[in-house]
Structures are given as structure tokens and as C-alpha cells.
Amino acid sequence: MNTPPWPPEEERTDGSAVRIGALVPLSRPGWVEAGRHLLAGLELAVGEVNDEGGITGRPLELVVRDTAADPQRAAAAVDELAGLGVAALAGEYHSVVARAAAARADALGLPFLCSSAVLDALTEQPTQWVARLSPPQSRGWRVYADFLLAAGHSRIAVATQPSVYWASGTRMLRDYLTPRGSTVIELDMSTLTPTAVCDELVGHRATALLLLVGHPEPAVPIVRSVRRDQRLAEVTIGAPAGQPEFGEWAALLGDDGAAVPFLRYRPERLSPLGTRVETILRERLAEAPSFVAFEGYDTIAVLADLLRTHGTDRARTAASWPRVDVAGTRGQIRFSRVPGISVWQWAVPPIQVVDRDPANTDRFRIRHAG
């Protein structure tokens, strides 16, 4: 375990706020809608913690920094927040950004509970300072691959862009699907147009196209092109990274955005806590809350429990990840060491493959669960 470069914060009893730093993508090129949902969950939970007396009589305060999907900006924000004396870090949606934040938090000795990023290698080496709520990419994408196999797909094209996250996903799919008799065909979207993608799908006789690309560009134009090509009427479009979860997808694509299976991390039935939180978040967001909003809420629920139980000293917080046992919106949260994962991990978050119902694009259908 790294040693913090400064002495741990003294426990305070003067009523001053306990501060948590929040990393959230709130401007482009970040996925702003995901950031908005994540922040809504974080803020709701902070408000409820304070309504219940805060952290042993001290108010909980969220100090928000916009990462804009920029790893360097996120690392700088971690430095700033550490200097401001935050007790812990929370949040982030983009995996590559979360990795930069996790590396800096580890170096500084600052506890970081990552809400939503899934990249397996969140840190280069095992660390005690970082924990994560969302499932690792390897687990979620294996569930998605099982869904493809069960649906009979044996020739699967992936439209990709240069990124550690997309490259990791492509490799995981190929490593899992190829031994099971499926072929994975990579389509490089740095050289192909959406129209050219259609020709490639025909030429390779692909039965499924997975969007491992940014949203809305080029994901939305690709979907439109494939949907309008009569040669591809039977091709399944998938988006394992979850682009169709958010309202912007339906607003931009309408009916074309239906029946695009994606991964989401929530159970078929929420806990009573989850049902209550869903009602409040729906009113605040003026739309159905995504699983990312629940991840935000659960992040604060865990950190508040740690801070109440073990105090605000950073080293004690980091040492307490294995003692977490918190009722979250999507299940009981406990952290453990998962083989191949370098951070403390909620080992069993729920995973579904869902899509938007063609009969009503505001409704989701569960296609597979893992």
C-alpha cells in the first residue's frame, strides 16, 4: 500500500463539512447525459445523508469537478481535490478517465470509489486505495457474448474506434467467442464511413454488428445506415457499452433505436430502497433514471457508511473496503478481491442485456441476465 505524502486528516468535531470529491463528465466530449444521471444519484444520496444527521453531526458536502472525458483533466482534479482535504473521491463514468483518476488517487493515498467505469485494469498494480461498484468489463461482456451465442450469431462484426476501452472489449469478445465457433470481424471506423460499414457487413455475411464507438458520433449515423439498407434487414445491431440506455438515443433515432441490445447493471426488481430512489430520481431528471444514476446513489451510501463507522481518516477508509456491508438500490454491496482485478470490487452487481421495445421505445425488454 502506498504511503500518503501528507499526514492523515485529523478527526474534527467542530461541525465543519466532510467533503467528498466527485468526478463527473458534464461537458463534451464527455457523455454529458451519463454525467447528469451520475450526478443526480450522488446529490440525492448526499441530501439524504444530511437529512439523517450527516457524518456524526457534520454535514456531507459534494465537491464536483467536470472531467469532460479527459484523463489529464481528471488527474489534475484529483490533485486539486486532495489539496482541498476531501475525505474520499467518488464517481466517473468513462473508463479511460477513471483509470487516470485511480492512478493519481493511488499515488496520493486518497480513497476512490469508482461508480461506473468497467475497464478491468483500472490500476496497473493492485491497490488498497480504490474500490469499484460496476462489474469489470470482462464479466459484463462475457454475459453479452453468451447472449449473442444463445441467439445463434456466429459471424459478428464490431465497429471500433481507437481507444483502450474499445480495444479491450474487442479482444474480450474475440477471446471468448472464437473458441465457441464464432468469428469476430473488426471494422475500423477511423477509415470507414457508415455506408461502407453496410457493404462490409454484406461482404462478411455478418449476422450481428456491435457498436464499439462513441455516441452520438459515429454510433447514430451507423445505426441509421444499417436500418435503411434492405440487404441488412436481418442483422442485429448491438451496443454492449450501453448507449441506448439514455433518452438522447431514443430522441435521435426514434424507432431505429429500438431492438439494440445493451448491457445495464440493475436487477429485474429493485429493492424497496431502489424503488423509492427511482421515484425521486425520475422526478428530478424528468425521465426514467438510468443504472448510472443508481450507481451514483450507491456510491455515496457506501462512503457515508464508511465515514460514519470508521471516521474520516483516509488510511482508515481505504483499509475498510473489505468491511463494507451496505444495502444499495440494486442489492447488498460487499467488496472483495476478484482474481485479475486490481481494485476492491463489488463481486456480484446485477447484469442484464436489455433493449428498447419496438412497440414502445420508452419501455425496456430484458433479453438475457447474468
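This note goes through two packed helices, α4 and α5, in a predicted model.

1. Helix α4 covers residues 137-150, and because 14 residues at 1.5 Å a residue should span 20 Å, the 20 Å between its end C-alpha atoms agrees with expectation. Just after α4, Gly-152 takes a positive phi of about 90°.

2. Helix α5, residues 164-177, can be checked in a similar way: it has 14 residues and reaches 20 Å from its first C-alpha to its last, close to the 20 Å expected at 1.5 Å a residue.

3. The axes of α4 and α5 lie 10 Å apart and the helices pack at an angle of about 50°, which makes α4 oblique to α5. The crossing of the two helices is right-handed.

4. On the α4 side of this contact are Gln-137, Ser-138, Trp-141, Arg-142, Ala-145, Asp-146, Leu-148 and Leu-149, and they meet Tyr-165, Trp-166, Ser-168, Gly-169, Met-172, Leu-173, Tyr-176 and Leu-177 of α5. By residue type, the contact of α4 with α5 divides into 10 nonpolar, 4 polar and 2 charged residues.

5. As for burial, the buried residues of α4 are Gln-137, Ser-138, Gly-140, Trp-141, Val-143, Tyr-144, Ala-145, Phe-147 and Leu-148. Those of α5 are Tyr-165, Trp-166, Ser-168, Gly-169, Thr-170, Met-172, Leu-173, Tyr-176 and Leu-177.

6. The cover over the buried residues of α5 includes helix α4 together with α3 (95-108) and the strands β6 (155-160), β7 (183-188) and β8 (208-212).

Definitions and conventions:
Residues are numbered from 1 along each chain as its sequence is written. This is a predicted model: local features need pLDDT of at least 70, side-chain atom pairs count only at pLDDT 80 or more; totals for chains, interfaces and linings use all residues. Side-chain values use heavy atoms; hydrogens and water are left out. Helices (H or I, at least four residues) and strands (E, at least two) are DSSP runs, numbered from the N terminus. The expected span of a helix is 1.5 Å times one less than its number of residues. Buried means under 20% relative accessible area, exposed over 50%, partly exposed in between (1.4 Å probe, protein chains only). Axes are lines fitted to C-alpha atoms, for helices over the stretch in contact, and angles run from 0 to 180 degrees between N-to-C directions. Angles under 35 degrees count as roughly parallel, over 145 as roughly antiparallel, 65 to 115 as roughly perpendicular and the rest as oblique. A crossing is left-handed if the near helix is turned anticlockwise from the far one by less than a right angle, and right-handed if clockwise. Contact means heavy atoms within 4.5 Å. Ala, Val, Leu, Ile, Met, Phe, Trp, Tyr, Cys and Pro count as nonpolar, Asp, Glu, Lys and Arg as charged, and the others, Gly among them, as polar.
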